Amino acid sequence: MEHFTIATVAEKSPDFRRVLWTGEHSQLVIMTIPEGGEIGEEVHEDVDQILTFVSGVGEARVAGSKRKVVSGDLVVVPAGTKHNFVNTGPNPLVLYTVYGPAEHAAKAVHRTKEEADAAEAAGKDEPPTE
């Protein structure tokens, strides 16, 4: 059994992205988006994503629509949907997200968005195949 006090774990992480758990059909990831930062516009062709916001203020941009997100909000992004999440507040935007199936390498830690982008470009952030 894996057990996380997820809001506390997410709040304590300074990393842009940290994979906490990877299973056969899903993956749990925490993210901290710095002031003025963003996840970056993307589409996961075969992966559903559910994001829950722990603290901070941001803007969800999903399928051409925009909506403010705050602590306690949850956003569902179906596979194949263009999306981005932008920190619009003065503090970090902290969230946890569940991917189904996994989207990132098991146990991946990316301290910054630039580090995450470089790992993806180099093929070093691929989800497990087995």
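Biologist: What pattern does the chain follow when read along the sequence?

Modeller: This is a predicted model, where local features need pLDDT of at least 70 and side-chain atom pairs count only at pLDDT 80 or more, while totals for chains, interfaces and linings use all residues. Residues are numbered from 1 along each chain as its sequence is written, and side-chain values use heavy atoms, with hydrogens and water left out. The chain has two helices and nine strands, taken as DSSP runs numbered from the N terminus (helices: H or I, at least four residues; strands: E, at least two). In sequence order the pattern is α-β-β-β-β-β-β-β-β-β-α.

Biologist: What radius of gyration does the chain have, set against a compact globule?

Modeller: The C-alpha trace spans about 40 × 30 × 25 Å along its principal axes. The radius of gyration is taken over C-alpha atoms, and the globule rule is 2.2 Å times the number of residues to the power 0.38. For 130 residues a compact globule would come near 14 Å, and the chain agrees, with 14 Å.

Biologist: What share of the contacts with a separation of 6 or more joins residues 24 or more positions apart?

Modeller: A contact means heavy atoms within 4.5 Å. Among contacts with a separation of 6 or more, residues 24 or more positions apart account for 64%.

Biologist: Which residue forms a salt bridge with glutamate 120?

Modeller: The structure holds six salt bridges, each a side-chain nitrogen of Lys or Arg within 4 Å of a carboxyl oxygen of Asp or Glu. For glutamate 120 the closest N and O atoms are 3.3 Å from those of its partner, arginine 17. Glutamate 120 lies in helix H2 (residues 113-121) and its partner in strand S1 (residues 17-22), so the pair ties together parts 103 residues apart in sequence. The partner is arginine 17.

Biologist: Which residue joins Arg17 and Glu120 in a network of salt bridges?

Modeller: Arginine 17 is buried at 4% relative accessible area, whereas glutamate 120 is partly exposed at 33%; buried means under 20%, exposed over 50%, and partly exposed in between (1.4 Å probe, protein chains only). Arginine 17 also meets a residue in the segment after H2, 108 residues away. That bridge is 3.5 Å, N to O. The residue that completes the network is Asp125.

Biologist: Which residue meets aspartate 117 in a salt bridge?

Modeller: Aspartate 117 is partly exposed at 37% relative accessibility. Its partner lies four residues away in helix H2, so the two are separated by about one helical turn. At 2.8 Å, N to O, the partner is lysine 113.

Biologist: Is glutamine 27 buried or exposed?

Modeller: Glutamine 27 is in strand S2 (residues 27-33), and beyond four places in sequence its contacts include Val19, Trp21, Tyr99 and His104. The side chains of glutamine 27 and threonine 22 share a polar contact of 2.9 Å. Such a contact is a pair of N or O atoms within 3.5 Å; within protein, one must be able to donate a hydrogen and the other to accept it, and residues adjacent in sequence count only if both atoms are side-chain atoms. At 0% relative accessibility, glutamine 27 counts as buried.

Biologist: What share of the accessible surface belongs to carbon and sulfur atoms?

Modeller: Accessible areas come from the Shrake-Rupley method with a 1.4 Å probe; for residues, only the protein chains shown count as cover. The chain's accessible surface is about 7,200 Å², and the carbon and sulfur share is 51%.
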